[in-house]
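Hi,

Here is the structure I said I would pass on. Have a look at it first, and my notes follow underneath.

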Amino acid sequence: MARLWSDDASDEDRADCARWRAAHPHHDLAWQRLQAFEGKLHSVPRDVARHALREPAPAAYLHRRRALKLLAVLLPVGGMLYAARGTDAWQVATAGHGTATGEVREMTLPDGTRVMLASASAIDVRFDASSRLLILRSGEILVTTAHDPAQRPFRVQGRHGTVRALGTRFTLRQDEHTSRVAVFEGAVEVRLAHAPERPVRVATGYGAVFSADIVQSAAPVPASAAAWSKGVLVADNMRLDALVAELGRYRPGLLRCDPAVAGLSVNGVFSLRDTDRALHNLALALPVQIVARTRFWVTVQAAA
């Protein structure tokens with residue numbers, strides 16, 4: 001940040017910064033904390049700041065200043081770690097199993113159940129003699145349950161509730177305020193975090209959105225809703241801003257959609273493994289252009 005503040009900062013410096021921020025979620029979190037601190041600096045009256053910079057420090061204060069400098073470093077780091085604990089980046093970094101941005105990975109559990117983790121997703125596995133439990137800490141998973149000779153129930157617990165599988169293939173996606181379940185085989189039973197005594201059953205071919213307090217009415221979901229597990233995104237009359245948001249989950253950096261074109265309708269199949277190619281194809285299909293300040297700062301906007 002000090003380098004970018006200088007008068008001779010180059011485009012290469014800015015690109016280096018963007019690459020560093022995109023390399024790991026914790027990097028971007030640290031940058032955001034620095035930006036917040038920068039805002040506080042800008043709020044200091046200029047005359048006061050100049051006076052503070054000109055004032056020489058008496059020798060008696062040097063040791064105290066060294067101690068204060070160390071404290072000034074340690075306090076923000078501690079605060080940053082505390083703030084990070086609630087973020088998805090922290091969940092991925094500290095979970096038993098997780099994927100990086102853009103990564104999709106399949107794993108097989110001890111009972112033979114297969115779990116596909118979407119981009120930037122994290123789970124913990126808790127199996128014992130009486131139950132099979134997954135804890136979804138962030139992101140999205142596709143679960144194909146296996147028969148268990150011991151007939152232990154299979155459940156996935158998230159921040160908004162618990163989904164119990166009933167001989168099932170289903171996806172569960174967790175966002176900040178809601179979770180979404182989609183069932184492709186069998187059925188699931190949803191128990192809300194704040195109302196577990198009122199389970200809601202979701203059958204094959206249906207999905208539901210739920211919070212900790214309420215389950216919205218189940219609605220049909222297409223089989224293509226799980227196409228991300230094959231590395232593609234299927235758009236069927238999808239809003240452009242929604243499609244851009246989905247692509248953004250599978251690439252580092254910032255991908256945004258200009259509000260002026262957000263409502264355009266999109267149809268097609270787009271690669272999640274090569275989001276640059278997906279964006280190129282998007283520009284061929286719609287009256288939009290892809291404007292890239294850097295590889296990690298891209299905007300979809302109206303064609304010139």
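Let me start with one pair of residues: Ser-179 stands opposite Phe-210 in E10. Bear in mind as you read that this is a predicted model.

That pair belongs to a run of antiparallel strands. Strand E10 covers residues 206–210 and pairs with E8 in the antiparallel sense, over 4 bridges. E8 also has strand E9 (residues 200–203) as an antiparallel partner, again through 4 bridges. If you want a spot to check there, Val-188 has Val-202 in E9 as its bridge partner. Then there is strand E7 (residues 161–174), which runs antiparallel to E8 (residues 179–192) and is joined to E8 by 12 bridges. Thr-162 is one residue to click on, as it stands opposite Arg-191 in E8. The connection from E7 to E8 is a hairpin, with 4 residues between the two strands.

Earlier in the chain you'll find E4 and its partners. Strand E1 (residues 97–98) and strand E4 (residues 122–127) run antiparallel and are joined by 2 bridges. His-97 is partnered by Ile-123 in E4, and Ile-123 in turn has Leu-136 in E5 as a bridge partner. E4 and strand E5 (residues 132–144) pair over 6 bridges, in the antiparallel sense, and a hairpin of 4 residues links them.

Now for the part I spent a while on, the sheet with helices packed on it. This is an open sheet of 3 strands in the order E13-E16-E15, and the pairing is mixed. Its edge strands are E13 (254–257) and E15 (288–294), each of which pairs on one side only. From one strand to the next the twist averages 20°. E15 and strand E16 (residues 297–302) run antiparallel, with 6 bridges between them, and the hairpin that joins E15 to E16 passes through 2 residues. Along that pairing, Ile-290 is matched with Val-300 in E16, while Thr-294 is matched with Trp-297 in E16.

What lies across this sheet? Helix H7 (residues 240–248) lies across E13, E15 and E16, and runs at about 175° to E13. Helix H8 (residues 275–285) packs on the sheet as well, touching E13, E15 and E16, with its direction at about 145° to that of E15.

The two helices also meet each other. The axes of H7 and H8 come within 11 Å and cross at roughly 165°; angles over 145 degrees count as roughly antiparallel, so H7 is roughly antiparallel to H8. The crossing of H7 and H8 is left-handed. On the H7 side, the contact is made by Leu-240, Leu-243, Val-244 and Leu-247, and on the H8 side by Thr-275, Ala-278, Leu-279 and Leu-282. Of the residues in this contact, 7 are nonpolar, 1 is polar and none is charged.

One last thing, on confidence. The average pLDDT for the chain is 85, and 78% of the residues score at least 70. Over residues 40–44, though, the pLDDT is below 50, and this stretch has 2 contacts in the model beyond near neighbours in sequence. Residues 48–55 stay under 50 too, and the model has 1 contact for them beyond four places in sequence. Where pLDDT is low, the predicted coordinates should not be read in detail.

Cheers

How values were computed
Residues are numbered from 1 along each chain as its sequence is written. This is a predicted model: local features need pLDDT of at least 70, side-chain atom pairs count only at pLDDT 80 or more; totals for chains, interfaces and linings use all residues. Side-chain values use heavy atoms; hydrogens and water are left out. Two strands pair if DSSP finds at least two bridges between them. Axes are lines fitted to C-alpha atoms, for helices over the stretch in contact, and angles run from 0 to 180 degrees between N-to-C directions. Contact means heavy atoms within 4.5 Å. Angles under 35 degrees count as roughly parallel, over 145 as roughly antiparallel, 65 to 115 as roughly perpendicular and the rest as oblique. A crossing is left-handed if the near helix is turned anticlockwise from the far one by less than a right angle, and right-handed if clockwise. Ala, Val, Leu, Ile, Met, Phe, Trp, Tyr, Cys and Pro count as nonpolar, Asp, Glu, Lys and Arg as charged, and the others, Gly among them, as polar. pLDDT is the predictor's confidence in each residue, from 0 to 100.
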